[in-house]
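Here is a short report for a reader new to this structure. Look at the sequence and the model first, then read on.

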Amino acid sequence: MTVSQIPEVAPGPRAAARSGAAPSVSLPRTSMTARRHRAFYLFTSPWIIGFLLLTVGPMAYALWLSFTTYDGISPKWRYVGLDNYRELLSDPVTWDSLSRAGVFALTSVPLSIVAGLALAVLVNRPLKARGLFRTLLYLPAVVPPVGAGLIFKQLFNRDSGAANGVLNIFGIDAVAWLDDPYARYVILMAVLWGAGNIMIISLAGLQDVPRELHEAARIDGASPWRTFRSITVPLLSPVLLFQAVTGMIASVQTIMPLLIASDPTPKGVTAIPQTNYMYMMHVFAEYFALGRYGYASALLWILFVLILVVTGLIFKATSGVVFYNVDPEAKK
């Protein structure tokens, strides 16, 4: 028998110990899979517990309330079935507030996306102190909504606001900015003031666009606008879709009209200018001003269903115009 024909024999534990090598131990595949599953649930357990207690639990409680006449105080409540839902479907105030919220979303979301994208294109250029400009433009986005509401309330105050102070310099009479019909424009300006958040997301998308495509377009003689429209925007379409969906959800739930109201108390919510009395203001009034917890919970669940439907329609309508580097439907 030649040397090449001698079968190899794995060293035993004693031989491995004499040679200084640690013996290899192979765990069963099922044991490794179980350990990975335990590690996964261990690390995600804080989020899972928080999601169940702070999201699923309150939603289930609100769903139960929507079938009752509970007012938050009195123990005398009763189960009314679908009466709350029938009432809101026939309530003109509900439909008017929902239509105002829809118009606000159709106005504020596109303007915010365009403003954020324009700022991102600006700070993506090789400018001096570019980091400083990015920081300054992003700062308003980190201001809490309550602080932003108080700032705009003071800026557009009829008697002592800076906006009317500027108008007085040019001999223009003071304007009641927080009343109809100007209140809607103040809310819109407050939303656009925080466009730095959209700017950061758009900036990350711009930096992910391959430079080779821009260079090839420039060599072919394409203008900057044509390059932006035919290359940059299609590659940014997933980012723009994300901003459109999240912006729509945030806009229909805005509480800014309440924050800049002249009387931001539960009793004063019904005195909000008519143009700013949107869906969430109606929900707030039903909850805290009128004490109709069951009816307000039904309003919130209807809003939840509408958001799901609108989000699905947005994804369906944009399925042919959103460009993905990787097919989102591809199976791994």
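Helix H8 packs its buried residues against three other helices: H4 (92-123), H6 (145-155) and H12 (256-259). H8 itself covers residues 183-193. Its buried residues are Ala183, Val186, Ile187, Leu188 and Ala190. An α-helix has 3.6 residues a turn, so residues three or four places apart point the same way.

This is a predicted model. The chain holds 14 helices and zero strands. Of its 332 residues, 30% count as buried. Take the contacts between residues at least 6 apart in sequence: 65% of them join residues at least 24 apart. The accessible surface comes to about 21,700 Å². Carbon and sulfur atoms hold 66% of that surface.

**The cores**

Which residues have the most contacts inside the largest nonpolar core? They are Phe156, Trp177, Val186, Met256 and Ile260, in a core of 40 residues. Several helices give two or more residues to this core: H3 (83-89), H4, H6, H7 (162-169), H8, H12, H13 (279-289) and H14 (293-317). H14 gives the most, with seven residues. A second, separate core has eight residues, including Ala120, Val123, Leu236 and Val239.

Ile260 shows what such a core residue touches. Leaving aside neighbours within four places in sequence, Ile260 is in contact with Gly149, Phe152, Lys153, Leu178, Val186 and Ile187. Two of these partners, Val186 and Ile187, are buried residues of H8.

**Two contrasting residues**

Is Glu286 of helix H13 buried or exposed? Glu286 counts as buried because its relative accessible area is 6%, and the limit is under 20%. Beyond its neighbours within four places in sequence, Glu286 is in contact with Gly291, Arg292, Tyr295, Ala296 and Leu299.

Leu54 lies in helix H2, which spans residues 29-65. Leu54 counts as exposed because its relative accessible area is 67%, and the limit is over 50%. In soluble globular proteins, nonpolar side chains tend to be buried together. Leu54 is instead part of a nonpolar surface patch of about 1,100 Å². The patch also includes Phe40, Tyr41, Trp47, Ile48, Ile49, Phe51, Leu52, Leu53 and Val56.

The two residues side by side:

| Residue | Helix | Relative accessible area | State |
|---|---|---|---|
| Glu286 | H13 | 6% | buried |
| Leu54 | H2 | 67% | exposed |

Technical notes. Residues numbered from 1 in each chain as written. Predicted model: local features only at pLDDT ≥ 70, side-chain atom pairs only at ≥ 80, totals over all residues. Heavy atoms only, no water. Buried < 20%, exposed > 50% of the residue type's maximum accessible area, 1.4 Å probe, protein only. Helix = DSSP H or I, 4+ residues; strand = E, 2+ residues; numbered from the N terminus. Contact = heavy atoms within 4.5 Å. Areas by Shrake-Rupley, 256 points an atom, 1.4 Å probe, with all protein chains shown as cover. Core = buried A, V, L, I, M, F, W, Y, C linked by side-chain atoms within 4.5 Å. Patch = residues over 30% accessible without salt bridge, like charges linked within 9 Å, V, L, I, M, F, W, Y side chains within 5 Å. Salt bridge = Lys/Arg side-chain N within 4 Å of Asp/Glu carboxyl O.
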